[in-house]
Amino acid sequence: MRKKIVAGNWKMNLSSEDASSLISTLNEQNIEGVDLIIFPPSIYLDRALDSKKTIGVGAQNTYSKDSGAFTGEISPSQIKSLGVEYCLVGHSERRSIFGESNELLKNKVDTLLHNDIKVVFCCGEAQEERESGKQNEIVRKQLEESLFHISADQLKNVIVAYEPVWAIGTGLTATSDQAEEMHQFIRNLVLEKYNMELAEDLPILYGGSCKPENAKELFSKQNVDGGLIGGAALKSDSFLAIANSF
Ligand code: PGA
């Protein structure tokens with residue numbers, strides 16, 4: 001049985017006080033059969049880890065090197081030394097706003113896995129790519145160029161998040177059939193590249209305007225193993241309602 005996961009990507013949101021209050025509310029929760037993970041801004045990682053009880057804690061980003069003269073960056077080995085368990089790689093905002101290339105993402109994947117940090121690898125097509133029917137090609141390229149070089153053993157420490165760019169923060173959601181179709185496609189790619197067991201075990205999350213109103217329908221699909229939630233993860237009520245939607 002694959003893990004069910006609901007992860008909250010807080011992005012660059014929440015004051016110090018609001019972050020502490022959300023962390024403490026979520027830490028009181030134990031939802032049977034569902035792993036909750038939060039990705040707070042890095043300045044709040046330390047406190048999320050200090051008060052950690054039931055929730056997993058991940059970083060939204062790291063650089064691809066372990067140390068050195070990279071002003072403003074944080075490294076996989078630094079977050080590992082804090083006790084961080086997960087890191088996002090390839091979020092569309094990193095790709096489009098910060099110009100992160102597939103090559104850089106590949107290096108980030110390597111350094112994170114080398115530090116025993118689980119990678120939540122985000123992929124997804126832009127609106128015009130979907131409109132021209134290129135979504136499979138785009139997602140395949142993202143996976144092939146930044147993820148599929150790793151070994152079968154390393155893949156056990158990866159979660160994939162399919163996040164169509166046109167659905168992120170827009171209020172538009174992929175239909176559950178569109179999500180299922182892409183998740184199935186990704187699982188088949190893993191089967192072709194690795195093996196049946198890894199393909200079956202890989203958690204694939206959906207992200208993009210996932211909210212309490214649509215989570216149940218999305219999570220009802222066989223290949224949708226949970227969600228990577230942005231806006232609706234900033235309030236405990238909506239985040240927990242999503243986590244209770246399996
Ligand atoms: P959203 O963001 O839920 O606000 O659309 C999802 C994400 O970017 O991970």
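The exercises below work through a predicted model of one protein, each with a solution in steps. Residues are numbered from 1 along each chain as its sequence is written, and side-chain values use heavy atoms, with hydrogens and water left out. Local features need pLDDT of at least 70 and side-chain atom pairs count only at pLDDT 80 or more, while totals for chains, interfaces and linings use all residues.

**Exercise 1. Overall form**

Task: State how many helices and strands the protein has, and judge its radius of gyration against the globule rule.

Solution:
- Step 1. Helices (H or I, at least four residues) and strands (E, at least two) are DSSP runs, numbered from the N terminus. The protein has twelve helices and eight strands.
- Step 2. The radius of gyration, taken over C-alpha atoms, is compared with a globule rule of 2.2 Å times the number of residues to the power 0.38. For 246 residues the rule gives 18 Å and the protein has 17 Å, close to that value, so the protein is as compact as a globular protein of that length.
- Step 3. The C-alpha trace spans about 45 × 45 × 35 Å along its principal axes.

**Exercise 2. Burial, contacts and surface**

Task: Find what share of the residues is buried, and what share of the contacts joins residues 24 or more positions apart.

Solution:
- Step 1. Buried means under 20% relative accessible area, exposed means over 50%, and partly exposed is in between (1.4 Å probe, protein chains only). Of the 246 residues, 52% count as buried.
- Step 2. A contact means heavy atoms within 4.5 Å. Of the contacts with a separation of 6 or more, 72% come from residues 24 or more positions apart.
- Step 3. Accessible areas come from the Shrake-Rupley method with a 1.4 Å probe; for residues, only the protein chains shown count as cover. The protein exposes about 11200 Å², and carbon and sulfur atoms supply 47% of that area.

**Exercise 3. Cysteines**

Task: Count the disulfides, then explain why Cys 87 is not bonded to Cys 122.

Solution:
- Step 1. A disulfide is a covalent bond between the sulfur atoms of two cysteines. The criterion here is a pair of cysteine sulfur atoms within 2.5 Å.
- Step 2. The structure holds zero disulfides.
- Step 3. The closest cysteine sulfur to that of Cys 87 is in Cys 122, at 9.6 Å, which is too far for a bond. Cys 87 is buried, at a relative accessible area of 0%.
- Step 4. Cys 210 is in no disulfide either; its nearest cysteine sulfur, again that of Cys 122, is 14 Å away. Cys 210 is also buried, with a relative accessible area of 5%.

**Exercise 4. Two buried residues**

Task: Place Gly 207 and Gln 142 in their elements and list their contacts beyond four places in sequence.

Solution:
- Step 1. Gly 207 belongs to strand E7 (residues 204–207) and has a relative accessible area of 0%, which makes it buried.
- Step 2. Apart from its neighbours within four places in sequence, Gly 207 is in contact with Tyr 162, Glu 163, Pro 164 and Leu 228. Ile 168, which is 39 residues away in sequence, lies 7.2 Å from Gly 207, C-alpha to C-alpha.
- Step 3. Gln 142 is in helix H7 (residues 135–146) and counts as buried at 9% relative accessibility.
- Step 4. With neighbours within four places left aside, Gln 142 is in contact with Arg 95, Asn 102, Phe 121, Cys 123, Gly 124 and Leu 147.

**Exercise 5. Positive phi in loops**

Task: Locate Leu 14 and Asp 116, and give the phi and accessibility of each.

Solution:
- Step 1. Leu 14 sits in the loop between strand E1 (4–9) and helix H1 (16–27). Its phi is near 85°, a positive value in a residue other than glycine.
- Step 2. Leu 14 is partly exposed, at 24% relative accessible area.
- Step 3. Asp 116 is in the loop between helix H5 (102–114) and strand E5 (118–123), with a positive phi near 60°.
- Step 4. Asp 116 is exposed, at 55% relative accessible area.

**Exercise 6. Sequence distance and space**

Task: Give the C-alpha distances for Ser 24 with Ser 236 and for Asp 237 with Asn 102.

Solution:
- Step 1. Ser 24 lies in helix H1 and is partly exposed, with a relative accessible area of 38%.
- Step 2. Ser 24 and Ser 236 are 212 residues apart in sequence, with 9.9 Å between their C-alpha atoms.
- Step 3. Asp 237 is in helix H12 (residues 236–243) and counts as exposed at 63% relative accessibility.
- Step 4. Asp 237 and Asn 102 are 135 residues apart along the chain, and their C-alpha atoms are separated by 36 Å.
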